Amino acid sequence: MTLRPIRLDLPGIGTLTAHDTVLEHGRVKYTVHGPHIAAGSTFIISPEAHRGGSVVPTTVSVQYGDGPPAGLHYQPRPNEPVIFGTRIHGYTSGLDPERISRRHFLGSYATAASSTFTSRIPDGARTRTEAIVRRLLEHWHTRSDQEALRHAAAQACAAEHAQHEDKRAALLEAEGRKLEAERAAARRRINVLNGLIRRRQPPVLPADSRPVKLPFFDCDGQQLGILTVREKTVNALPGSVVYDVVGPRISGSFTVSRHRHGADPFPDGIDITYGARRSMHSHEADDEPSVNTARLHGSWNHSGNTSAITPTTPARLPARIRTGLSTGCSAPQATLRRASAVLRALAVHYLSRTDLDALDLAAAKDRAPSLLSATRKKLRELRERQQKLTRQAHAHHERAGQYRELLAPPLALPDVQSDPSEAAVWEGEGGAVLGIETPRPVAAAPEQTRVDATREFAEVAQRAVTLASEAADAAELAVCRSRARDTERLDEAMFAAHAEFVSAEQYARWVVQDAGTVTASTLRNYTTRAIEAAERAQQAAGLACTASQLAELIAEPWTQAMAEEQARQERERREEAEQYEAGERDRTGMDADNRHRLTMARYLAQDEVPKLGWSKAMVSVMEQAAGGQLYRKDGFTWNGRRRVKKERVLMLVQAGYLSIGRGQDQRILMTPMGDTALFLARLHPEGIHPDDRTAYEARFAVARRLRRNKEDTKSMARRLPRLNAWTLRRCVRPVTIAEQQARAAEIAEQTWADEGGAIPGVERPGLAMRPRIRARPAGRVGAPHGSPSRSCAGRG
């Protein structure tokens with residue numbers, strides 16, 4: 001606090017008398033008295049250190065009243081200024097001492113306060129307050145310790161702001177890594193599209209005008225008649241075939257091609273248009289067909305896998321009656337049923353063509369240039385976005401470093417030490433002199449040695465990153481310059497070099513980030529991994545392996561004791577792993593791969609078994625069918641001892657879990673999907689309902705939907721849901737070690753028999769004492785008709 005008061009002149013008002021006190025964090029308190037200003041009125045000027053602002057504050061805030069800056073806005077403060085009898089409450093922020101506004105700058109948070117509420121400051125008090133604040137800011141700006149006050153305010157928030165900047169930089173770097181992955185996918189897509197353009201087009205069969213008879217069926221399997229189909233044009237639009245179709249109440253043309261609007265460079269699915277297309281737009285077609293005397297237009301698009309397309313599925317396909325150039329209305333149910341049957345028959349006929357691959361390639365080559373242009377544009381945008389994010393992250397890292405420099409203690413002047421060379425000269429000149437102490441060299445501090453080692457590791461790791469980056473750029477340049485038709489080898493080299501560059505960059509970043517928190521051995525390991533990644537990048541790019549020379553710069557002296565210790569640790573690790581594996585094999589009877597399969601199957605069962613809606617009685621029926629005990633007789637279902645509830649069996653049959661034999665075959669067998677479902681149910685019995693009533697109520701609750709009537713909900717609840725295709729592909733059944741040995745013995749026996757069998761007078765080599773295993777291993781559930789199943793999906 002100043003001992004002598006500060007006198008500040010206010011033009012046209014008078015003279016202010018003020019005392020200033022420097023508080024913590026760079027805050028300065030002014031206690032002011034003057035004309036129409038009550039004695040003890042306090043103004044506190046604080047530099048503003050905001051997140052995202054300048055590191056050293058450039059603006060200040062003025063607080064009216066004493067006390068800390070934190071607190072409720074409407075909470076009264078001690079010694080608040082009283083001007084013209086009005087107590088001023090609140091604060092004003094965002095003031096620049098170099099450019100102070102002449103009026104109206106107090107802001108909305110400066111108010112007049114009473115004992116119960118706050119209100120707008122009267123005009124006279126506001127004008128006088130603005131004049132006082134302006135004069136105090138001018139004095140604060142001329143202080144000799146102004147820079148020290150700004151730095152003190154910045155230091156108070158430096159730790160918090162440095163952490164905030166690190167978080168912002170980490171978020172930007174994470175987003176940059178996502179963009180890098182998208183760039184890699186875009187580069188891979190460009191290579192695929194270039195390969196499509198370079199590929200030679202195989203010949204496409206010409207149009208065959210000979211009629212082909214095609215039966216067509218509705219979704220229930222009832223035949224609706226015979227279609228007479230002729231090919232009009234082939235590959236007029238790349239990959240398409242135009243058929244002329246004549247049949248019962250059907251006449252007109254249909255254009256069949258692959259679905260061209262997917263994301264995959266190779267078109268998949270199928271696209272059927274009513275009429276002969278003139279362009280890629282479905283409403284521009286000639287000779288549109290007439291079905292049940294209704295002229296249809298539009299198209300049917302099916303993307304993805306076409307294995308689900310059969311003469312009876314999908315059930316309902318689009319059919320619209322043309323009412324205008326590009327408008328229409330829905331067709332009646334009878335017309336829709338007949339048009340769907342025709343579309344399914346044409347789709348199956350098109351997919352059975354011998355030149356289907358040639359048509360697919362023609363469609364792919366036609367749309368490849370547009371896809372290539374769009375992908376290159378996307379790649380350019382991704383690169384620009386990544387560069388922008390990199391610049392922003394670098395700026396945040398710089399700001400975090402500046403904040404940490406504010407927190408660092410000031411550098412102390414080093415003590416003057418004697419030079420060892422001077423000591424040697426002194427000894428050569430005659431030794432000690434009486435009364436003068438011998439100068440002794442001082443060893444370097446351990447902390448300084450550690451800093452030097454850390455700096456060396458960071459420099460070597462950064463050099464490894466530079467070499468890996470050059471290798472990745474060289475591999476990418478080789479792909480861009482290649483004119484070969486097949487760039488698969490170059491693509492693999494480019495992706496491998498890029499992956500190693502990312503690994504090297506990650507290890508180098510860890511060296512810098514963990515420099516003060518981990519040991520020197522850990523930093524050496526990080527640097528070694530970065531050098532190894534750079535070597536692999538150079539090998540993938542086909543460059544000379546110059547990165548191996550960097551390992552000599554950080555090499556640690558290797559002794560025999562260190563080698564023996566490393567060998568001992570490796571031996572102990574292997575023995576521990578072998579003991580653990582042996583214990584797990586004795587406990588489960590499976591190796592590590594099959595234990596992992598069993599664990600994943602259990603996770604899958606926890607998700608899928610509750611969706612089946614089975615009861616314990618249904619599981620019992622499935623187990624009886626798996627054991628071959630279930631058959632039909634006299635219109636009933638028997639399990640060898642007693643009758644089984646017919647409705648329960650029919651529900652499992654309709655869902656596809658059981659199959660009923662036809663003709664003389666009275667057996668009821670389990671399908672591959674039923675085999676998978678039973679396996680999952682055994683893994684997760686908690687998902688099975690105790691009785692049929694509880695299972696029905698659970699299925700009813702799942703089937704309930706808004707605006708769905710109760711009868712439809714009941715009908716859906718009486719049907720069991722099927723396992724989806726993803727579950728059938730995902731579920732792989734584990735195999736025990738005993739089953740693997742039995743299978744190997746059976747294969748060895750079959751191979752021995754195929755090579756000629758036994759020779760009279762010569763014992764059977766290796767199999768003389770091994771009995772032939774004919775029974776199925778315990779715990780395995782066979783597929784229908786006794787064929788063994790290797791996986792839950794029924795694959796051999």
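Several elements cover the buried residues of helix H12 in this predicted model. Among the covering elements are three helices: H13 (646-654), H14 (672-683) and H15 (692-703). Strands take part as well, namely E24 (643-644), E25 (658-660) and E26 (668-670). H12 itself runs over residues 616-626. Its buried residues are Met618, Val619, Val621, Met622, Gln624 and Ala625. Just past the helix comes Gly628, with a positive phi of about 75°.

**Helix H5**

Helix H5 spans residues 356-407. Ser373 and His396 both sit in this helix. Is His396 buried or exposed? His396 counts as buried, because its relative accessibility is 14% and the cut-off for burial is under 20%. Beyond its neighbours within four places in sequence, His396 touches four residues: Glu165, Arg168, Ala169 and Leu172.

Ser373 has a relative accessible area of 49%. That value falls between the 20% and 50% limits, so Ser373 is partly exposed. Ser373 also pairs up in space with a residue far off in the chain numbering. Ile190 is 183 residues away in sequence, yet the C-alpha to C-alpha distance is 9.1 Å.

**Cysteines**

How many disulfides does the structure hold? The count is zero. A disulfide is a covalent bond between the sulfur atoms of two cysteines. Two cysteines have accessibility values here. Cys329 is partly exposed at 35%. Cys545 is partly exposed too, at 34%.

The accessibility values are set out below.

| Residue | Relative accessibility | Class |
|---|---|---|
| Ser373 | 49% | partly exposed |
| His396 | 14% | buried |
| Cys329 | 35% | partly exposed |
| Cys545 | 34% | partly exposed |

**Cavities**

Rolling a probe the size of a water molecule over the atoms shows where empty space is left. Across the whole structure, the search finds two cavities of 30 Å³ or more. The second largest holds about 40 Å³ of space.

Which residues line the second largest cavity? The lining consists of Leu237, Pro238, Ser240, Thr255, Ser257, Arg260, Arg277 and Met280. By class, three of these residues are nonpolar, three are polar and two are charged. Leu237, Pro238 and Met280 make up the nonpolar part. Ser240, Thr255 and Ser257 are the polar members. Arg260 and Arg277 carry the charged label.

Terms used
Residues are numbered from 1 along each chain as its sequence is written. This is a predicted model: local features need pLDDT of at least 70, side-chain atom pairs count only at pLDDT 80 or more; totals for chains, interfaces and linings use all residues. Side-chain values use heavy atoms; hydrogens and water are left out. Helices (H or I, at least four residues) and strands (E, at least two) are DSSP runs, numbered from the N terminus. Buried means under 20% relative accessible area, exposed over 50%, partly exposed in between (1.4 Å probe, protein chains only). Contact means heavy atoms within 4.5 Å. On a 1 Å grid over the protein atoms alone, a cavity is a set of points where a 1.4 Å probe fits but cannot get out, and a pocket is an open set with protein on both sides within 12 Å along at least five of seven lines; lining residues have an atom within 4 Å of a point. Grid points are joined across faces, edges and corners, and a volume is the space filled by probe spheres set on the points. A disulfide is a pair of cysteine sulfur atoms within 2.5 Å.
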